[in-house]
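The following exercises are to be worked with the sequence and the coordinates at hand. Each task is followed by a solution in steps.

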Amino acid sequence: MKILSLVLPLILGFVLDCIIGDPYKMPHPIKLIGSLIGRLEGYVRRKMKNLRLGGTFLALTVIIMSTVVPLLILIFCYRVNIYLGIAAETILCCYMLASRCLYSESMKVFRAAESGDTEAARKAVSMIVGRDTSVLDRGGIIRAAVETVAENTSDGVTAPLFYMGIGGAVGGFFYKSVNTMDS
């Protein structure tokens with residue numbers, strides 16, 4: 001059962017992400033991490049003269065809070081019941097992945113480009129890239145979509161799976177906190 005409780009949440013989290021993806025109406029841990037980063041950055045810029053020290057404080061605080069909170073949740077859940085722990089870790093693993101969302105958003109670009117609706121394709125690709133899409137032609141839209149799918153497959157699927165394979169959901173939260181600070 002011990003091995004199963006280590007592997008099952010990762011597998012179920014991936015399957016759950018493939019089936020339902022990110023629930024848009026619920027608070028997402030990555031948004032909470034981003035909000036924490038924004039608030040701490042404002043605090044550091046206002047209160048700390050040494051920005052290198054402030055950046056170190058910000059990074060350590062974000063990483064520690066982003067990993068300790070899920071760790072405490074999981075410790076509590078696993079102590080209550082192994083099945084509750086597996087369920088909680090499955091949900092946390094699901095939150096760390098973005099395969100369904102990446103697929104759904106990129107397919108919007110594909111369908112619009114395939115139908116010849118450049119304006120709709122441009123609007124769809126603007127939802128997944130961070131660049132100005134207003135001047136992109138069909139080829140530029142497709143290149144932008146392929147580039148972002150490649151990068152986001154690494155950031156949103158492959159790397160989180162790797163870190164969750166090493167450290168469970170807590171490993172995924174560690175990775176996502178560092179990756180979100182990089183964004």
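**Exercise 1.** What volume does the second largest pocket have? Describe its lining as well.

*Solution.* The model is a predicted one, and every value below is computed from it.

Step 1. The volume of the second largest pocket is about 340 Å³.

Step 2. Its lining consists of 18 residues, and those closest to the centre are S5, L6, Y78, E89 and G168.

Step 3. Two or more lining residues come from each of α1 (2-20), α3, α4 and α7. Helix α7 provides the largest share, seven residues.

Step 4. Sorted by class, this lining holds 12 nonpolar, four polar and two charged residues.

**Exercise 2.** Characterise the largest pocket by its volume, its lining and the elements that form it.

*Solution.* Step 1. The largest pocket has a volume of about 920 Å³.

Step 2. A total of 26 residues line the largest pocket, and D22, I30, A98, C101 and N152 are the ones nearest its centre. The elements giving two or more residues to this lining are α2, α5 and α7.

Step 3. The largest share is again that of α7, which gives nine residues to the lining of the largest pocket.

Step 4. The class composition of this lining is 10 nonpolar, nine polar and seven charged residues.

**Exercise 3.** Analyse helix α3 from its start to its packing partners.

*Solution.* Step 1. Helix α3 covers residues 51-80, 30 residues in total. From first to last C-alpha it reaches 43 Å, close to the 44 Å expected at 1.5 Å a residue.

Step 2. At the start of α3, a side-chain oxygen of N50 comes to within 3.1 Å of the backbone nitrogen of R52.

Step 3. Buried positions in α3 are G54, L58, T61, V62, I63, S66, T67, P70, L74 and C77. In an α-helix, residues three or four places apart point the same way, because there are 3.6 residues a turn.

Step 4. The partners against which the buried residues of α3 pack are α2 (29-47), α4 (82-96) and α7 (138-182).

**Exercise 4.** Is S106 buried or exposed? Establish its surroundings too.

*Solution.* Step 1. S106 belongs to helix α5, which spans residues 99-114.

Step 2. The relative accessible area of S106 is 16%. The cut-off for a buried residue is under 20%, and S106 is therefore buried.

Step 3. The polar side-chain atoms are examined next. A polar atom of the S106 side chain lies 2.8 Å from the backbone oxygen of L102. The side chain of S106 also reaches the backbone oxygen of Y103, at 3.0 Å.

Step 4. Once neighbours within four places in sequence are set aside, the contacts of S106 are with I128 and V149.

**Exercise 5.** Summarise the fold as a whole.

*Solution.* Step 1. The secondary structure amounts to seven helices and zero strands, and its pattern along the sequence reads α-α-α-α-α-α-α.

Step 2. The C-alpha trace spans about 55 × 50 × 25 Å along the principal axes.

Step 3. Of the 183 residues in the protein, 38% are buried.

Step 4. When contacts between residues at least 6 apart in sequence are considered, 62% of them join residues at least 24 apart.

Definitions and conventions:
Residues are numbered from 1 along each chain as its sequence is written. This is a predicted model: local features need pLDDT of at least 70, side-chain atom pairs count only at pLDDT 80 or more; totals for chains, interfaces and linings use all residues. Side-chain values use heavy atoms; hydrogens and water are left out. Helices (H or I, at least four residues) and strands (E, at least two) are DSSP runs, numbered from the N terminus. Buried means under 20% relative accessible area, exposed over 50%, partly exposed in between (1.4 Å probe, protein chains only). A polar contact is a pair of N or O atoms within 3.5 Å; within protein, one must be able to donate a hydrogen and the other to accept it, and residues adjacent in sequence count only if both atoms are side-chain atoms. Contact means heavy atoms within 4.5 Å. The expected span of a helix is 1.5 Å times one less than its number of residues. On a 1 Å grid over the protein atoms alone, a cavity is a set of points where a 1.4 Å probe fits but cannot get out, and a pocket is an open set with protein on both sides within 12 Å along at least five of seven lines; lining residues have an atom within 4 Å of a point. Grid points are joined across faces, edges and corners, and a volume is the space filled by probe spheres set on the points. Ala, Val, Leu, Ile, Met, Phe, Trp, Tyr, Cys and Pro count as nonpolar, Asp, Glu, Lys and Arg as charged, and the others, Gly among them, as polar.
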